[in-house]
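Have a look at the sequence and the fold below, and take a moment to turn the structure around. We will walk through a part of it together.

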Amino acid sequence: MSSSENICVIIPTYNNGGTLHDVVERVLVHCDKVIVVNDGCTDNSSEILASFGDKITVVDYGKNRGKGYALKQGFQKAKELGFDYAITIDSDGQHFPEDIPLFINTLEQHPQALIVGSRNLNQENMPGGNTFANKFSNFWFKIQTWISLPDTQTGFRLYPLKKLPHIFSARYEAELSLLVFSAWRGTKLLPIKVNVCYPKDRITHFRPFWDFFRISVLNTLLCLIAIVYGWPSMLIHKIWRRKPA
């Protein structure tokens with residue numbers, strides 16, 4: 001069995017009815033195991049998802065709970081269905097589902113890695129608030145993990161589900177904590193370049209002030225945890241990997 005048969009795609013969505021159908025349709029071209037998490041949508045997203053019938057699996061819990069909670073529910077469903085890996089992709093149209101084969105091909109060469117789709121942060125139409133928050137997060141991530149990643153805020157990733165750490169936050173910053181705790185647990189983090197597009201009609205739920213504030217608080221906590229747990233854990237994993245068989 002090839003690794004691609006053990007991979008699903010998880011699409012968390014909240015009120016992205018304008019782009020949702022196109023994203024799901026394009027994802028299905030490259031992977032026919034698709035889980036869409038309806039995070040309490042109040043627009044026409046439910047009708048759009050119903051139009052795909054049994055081509056996709058829908059997780060729906062009625063009330064908006066945040067991206068971190070949506071990812072947690074998506075990962076849980078993926079595990080229940082027996083998948084070993086899950087690719088996450090946003091539903092706002094910024095990511096290119098055509099890049100999914102890049103993740104699968106990279107996984108073939110690097111089994112068990114957490115593969116991070118890295119956007120071009122200097123792209124002309126990249127939102128300024130997102131760029132600043134990302135560079136800020138990248139800086140603190142390197143301090144917390146000794147690892148340099150070009151894009152710690154991207155939602156386009158491939159996760160090895162058996163090595164997935166617990167999700168502590170229900171909101172936007174959950175994706176950052178997943179990277180940090182994965183690094184502390186010895187999971188290899190591997191960035192790959194992906195395309196990105198910011199259409200004029202794109203709807204984003206990133207709140208520049210509050211989400212940046214939450215990321216700042218999280219980074220402060222992670223720096224403290226890094227001293228007593230993160231750094232010692234990484235050292236132990238590093239020594240263990242060098243230990244002769």
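What follows is a short tour of one strand, its partners and one helix. Keep in mind that this is a predicted model.

Let's begin with strand 1. How many of its residues are buried? The count is 7 of 7, so to speak a strand that is mostly covered. Look at its two sides in turn: Ile7, Val9, Ile11 and Thr13 lie on one side, while Cys8, Ile10 and Pro12 lie on the other. Residues on both faces are buried.

Now look sideways, to the strands that pair with strand 1. Strand 4 runs parallel to strand 1 and is joined to it by 4 bridges. Strand 2 also runs parallel to strand 1, with 5 bridges between them. Ile10 is a good residue to find here: its bridge partner in strand 4 is Thr88, and its bridge partner in strand 2 is Ile35. If you follow the chain from strand 1 through helix 1 (residues 17-30) to strand 2, you trace a right-handed β-α-β unit.

Next comes helix 3, which covers residues 67-80. Its 14 residues reach 20 Å from the first C-alpha to the last, close to the 20 Å expected at 1.5 Å a residue. Which of its residues are buried? They are Lys67, Gly68, Ala70, Leu71, Gln73, Gly74, Phe75 and Ala78. In an α-helix, residues three or four places apart point the same way, because there are 3.6 residues a turn.

What do the buried residues of helix 3 pack against? Their neighbours include strand 1, strand 2 and strand 4, which you have already met, as well as helix 6 (174-184). After helix 3 comes Gly82, with a positive phi near 90 degrees.

Conventions
Residues are numbered from 1 along each chain as its sequence is written. This is a predicted model: local features need pLDDT of at least 70, side-chain atom pairs count only at pLDDT 80 or more; totals for chains, interfaces and linings use all residues. Side-chain values use heavy atoms; hydrogens and water are left out. The expected span of a helix is 1.5 Å times one less than its number of residues. Buried means under 20% relative accessible area, exposed over 50%, partly exposed in between (1.4 Å probe, protein chains only). Contact means heavy atoms within 4.5 Å. Two strands pair if DSSP finds at least two bridges between them. A crossover is right-handed if, with the strands pointing away from the viewer, the path from the first strand over the helix to the second runs clockwise.
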